[in-house]
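Me: I should like to take a close look at a single part of this structure. Please describe that part with care, and then relate your account to other parts of the model.

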Amino acid sequence: QLKPFPAHFLWGAASAAYQIEGAWNEDGKGPSVWDVFTKIPGKTFKGSNGEVAVDHYHRYKEDVALMAQMGLKAYRFSVSWPRIFPQGRGEVNEAGLQFYERLIDELLAFGIEPILTLYHWDVPQALMDEYGAWESRKIIEDFDNYCITLYKRFGGKVKYWVSLNEQNYNTNHAFITGMHPPGVQDRRRFFDANHIAFLANAKAIASFRQYVPDGQIGPSFAYSPAYPASSSPKDMLAFENAEELTNHWWLDVYCWGQYPESALTYLKEKGWAPIIEDGDYELLAAGTPDFMGMNYYQSLTYEFNPVDGVETGEMNTTGQKGSNADTGIPGLYKTTANPNLETTNWDWAIDPTGLRIGLRRMMSRYGLPVMITENGLGEFDKLEADGTIHDGYRIAYLRSHLEQCQQAITDGVDLLGYCPWSFTDVLSWLNGYQKRYGFVYVDRDETDPKELKRIPKDSFYWYRDVIQSNGEE
Ligand code: BGP
């Protein structure tokens, strides 16, 4: 007998500022690292960037009206730091605050609960120029100031907050694959910057307690539960190591304020361990979350990786299946295709059961409520001549993942909400505009890039029925 979804379940959808807003230099906004990085030739798919994106900045009313039409109960969006502080700190840009105020008020007017993400990767370029952004401890103070500004302004209206989005994925691409700004490939710098991000996250959460005592906050983690490729002890050990270094490394610090001991010992031996100063552990322990945000797209399967083995493979950014993207740490583990799972055109394993497994692991180890802050299917959608988009594959994907959410609730997981990625189609950081996730299609007519017409897909109407029936559908 399956348990029903809770009565106040947050049926949501998600987005992020850089991927939807556009208006990159309007109303006093300063440039973010992405405004600069995307202009370097070859850094993004066909040089696509978020200068216009889907023009949500000017069309937020139209977008919120569509959310209301879909019956959305919650909407996760992010605030662009350089819209609020064009220089990263110092003088606040009132026009930036006003934009988010209008958006939040519009959501509330339709009874849609805002879920505000404080940081979805768009750090102000000014801070990168001044001190290397996440590579300097100076950012802890500046991030805290920025967050406090938002707490003071919106703390009375916004109940749910996400601190850092996918710190693990973002730092990994920024400092290991080099595919996010600043485009570095250096494990030492990776672990140091990541530690500083932990401290900034904890400090912002500690301040939250003071300014928004009734609210709830947590980071969103890009969670890929690890599987062993086989039952051979070698692969089992590889899987254990991967679970420690790719999941517990973040989750333990967020939830307990501590690094997993075996992983830390290993990093010390390699000379990669982060610099930990006096007081760091106290700060980490003072900034633990109310819930964990989980962004789930796929499980990852690991096998033993010889010492001369793979480090990072070529990522599929084209949507042509069959890239050799295996990544790992030589001597420990590497990812490998799971023969039991189908993949998307971007070679992401489709694994709804992995979501249930991940939710259960999270519950058993940390015991915190979980909010699914992202989950979805990136596809090439087709706009038919009659103006419809038949994305049955997306419905099948989301339905199978929702079934596993309900199984997990039945298993005892305290699930607060489900925010599929994404509400409208958006810019994909590395895959441009061709990879679509939305319930709402955005027509990018090449001859008129500003047209950007919104068209609900089949999945829009399906999700509306899911929400209306509280998951019965
Ligand atoms: C997550 C990000 C989102 C979004 C999503 C889809 O990692 O938090 O911002 O982009 O992945 O990824 P992609 O656009 O690479 O397909």
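Reply: The model is predicted, and the account may begin at the end of one helix. Just after helix α15, Asn470 takes a positive phi of about 50°. The helix that precedes Asn470, α15, spans residues 458-468, and its buried residues are Ser459, Phe460, Trp462, Tyr463, Val466 and Ile467. These residues cover an arc of only 165° around the axis, and therefore they lie on the same side of α15. What do the buried residues of α15 pack against? Their partners include two helices, α3 (56-70) and α14 (392-411). Strands also take part in this packing, namely β1 (10-11), β12 (415-418), β13 (440-443) and β14 (453-456).

One of these partners, helix α3, contains His56. Is His56 buried or exposed? Its relative accessible area is 2%, and a residue counts as buried when this value is under 20%, so His56 is buried. Leaving aside residues up to four places away in sequence, His56 touches Ile20, Glu21, Asp63, Tyr75, Phe99, Leu103 and Arg454.

A second helix, α8, covers residues 167-177 and is largely enclosed by the rest of the structure, because nine of its 11 residues are buried. The buried residues of α8 are Gln167, Asn168, Asn170, Thr171, His173, Ala174, Phe175, Ile176 and Thr177. They pack against the strands β3 (113-119), β4 (160-165) and β5 (216-222), and against the helices α9 (187-211) and α10 (233-256). Just after α8, Gly178 takes a positive phi of about 75°.

The ligand remains to be described. Around the ligand there are 15 residues, of which Gln19, Glu166, Ser428, Lys435 and Tyr437 come nearest. The shell divides into six nonpolar, six polar and three charged residues. Which distances separate oxygen atoms of the ligand from N or O atoms in side chains? For the side chain of Glu166, the distance from a ligand oxygen atom to an N or O atom is 2.5 Å. For the side chain of Trp429, the corresponding distance is 2.9 Å, and for that of Asn431 it is 3.2 Å. On its own, the ligand has 380 Å² of accessible area, and the protein covers 97% of this area.

Note on methods. Residues numbered from 1 in each chain as written. Predicted model: local features only at pLDDT ≥ 70, side-chain atom pairs only at ≥ 80, totals over all residues. Heavy atoms only, no water. Near = heavy atom within 4 Å. Polar contact = N/O pair within 3.5 Å; in protein donor to acceptor, adjacent residues only side chain to side chain. Areas by Shrake-Rupley, 256 points an atom, 1.4 Å probe, with all protein chains shown as cover. Nonpolar A, V, L, I, M, F, W, Y, C, P; charged D, E, K, R; others polar. Buried < 20%, exposed > 50% of the residue type's maximum accessible area, 1.4 Å probe, protein only. Helix = DSSP H or I, 4+ residues; strand = E, 2+ residues; numbered from the N terminus. Arc of directions from axis to C-beta. Contact = heavy atoms within 4.5 Å.
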